[in-house]
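Visitor: Could you walk me through this structure? I'd like the overall picture before the details.

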Amino acid sequence: MADPAVAAVPVRECGEPLVDVRTAAPGLLADGSAATDGAGPDGASAHLREGVLRRLLAAQEALPAGLRLRFVEGYRPPALQRRYFTRYGDELRAAHPDWDDARVHRATSRFVSPPEIAPHSAGGAVDLTLVTADGGNVDMGTPLDASPEESGGACYTSAPDLTPEARANRRILSAALRGAGLVNYPTEWWHWSYGDRYWALATGAEHARYGPRELAAGAER
């Protein structure tokens with residue numbers, strides 16, 4: 001995500017609203033804080049751009065019988081993204097005191113997007129997983145949000161040495177989401193996006209549709 005080619009993608013903000021998945025798509029299973037307070041008084045993490053949500057619902061329709069999507073996190077305010085990026089960078093710096101700032105930045109960017117280009121802060125990215133029809137967990141190989149360090153690299157979408165079940169489940173998830181127009185960030189099997197700079201680079205689009213934005217207090221709830 002720290003590749004200069006991502007930051008170089010122009011943004012033509014389309015003005016599409018952020019919508020609350022809890023009210024706009026009650027058929028989509030929301031998890032954790034998104035199902036309750038949405039990670040803050042504005043319910044920020046429960047929001048997505050309208051076009052991303054439409055594509056998630058189409059992906060869910062394409063899943064095999066007995067499976068559904070579990071939405072975990074969508075929009076992330078820019079200030080929160082900066083906090084996550086700084087915190088993870090500090091952890092890596094403490095673990096590797098011999099690394100210079102450039103190396104810390106590159107390694108941090110494998111797992112947390114630099115704030116200025118973060119897909120979550122544009123409302124174009126979603127963290128999700130696959131579950132059974134009644135919400136039961138299925139084997140995806142690692143917990144959602146496992147870092148490369150703690151998972152031994154198994155968080156990478158195409159990681160080797162997964163169980164056959166985990167590999168099959170990742171393929172099912174990928175087929176449904178790619179079929180709906182989303183792209184995966186290959187360091188994180190759970191992270192998918194549409195309309196942001198990374199999506200534009202991955203698909204060859206001339207520009208991104210969504211840029212970073214703030215969620216107005218009380219808006220789109």
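Guide: A useful starting term is the radius of gyration, which is taken here over C-alpha atoms, and the globule rule for it is 2.2 Å times the number of residues to the power 0.38. This is a predicted model, in which local features need pLDDT of at least 70 and side-chain atom pairs count only at pLDDT 80 or more, whereas totals for chains, interfaces and linings use all residues. Residues are numbered from 1 along each chain as its sequence is written, and side-chain values use heavy atoms, with hydrogens and water left out.

Visitor: So what does that rule give for the radius of gyration here?

Guide: For 221 residues a compact globule would have a radius near 17 Å, and the protein chain has 17 Å, which agrees.

Visitor: How much of the chain is buried?

Guide: Of its 221 residues, 51% count as buried, meaning under 20% relative accessible area, with exposed being over 50% and partly exposed in between (1.4 Å probe, protein chains only).

Visitor: Switching to α7, which residues are buried there?

Guide: Ala166, Asn169, Arg170, Leu173, Ser174, Ala176 and Leu177 are buried in α7. They lie on the same side of α7, because they cover an arc of only 170 degrees around the axis, the arc being that of the directions from the helix axis to the C-beta atoms.

Visitor: And which are exposed on the other side?

Guide: Pro164, Arg171, Ala175 and Gly179 are exposed there.

Visitor: What do the buried ones pack against?

Guide: The buried residues of α7 pack against α3 (50-62), β4 (67-73), β5 (125-132) and β7 (191-193); helices (H or I, at least four residues) and strands (E, at least two) are DSSP runs, numbered from the N terminus, and contact means heavy atoms within 4.5 Å.
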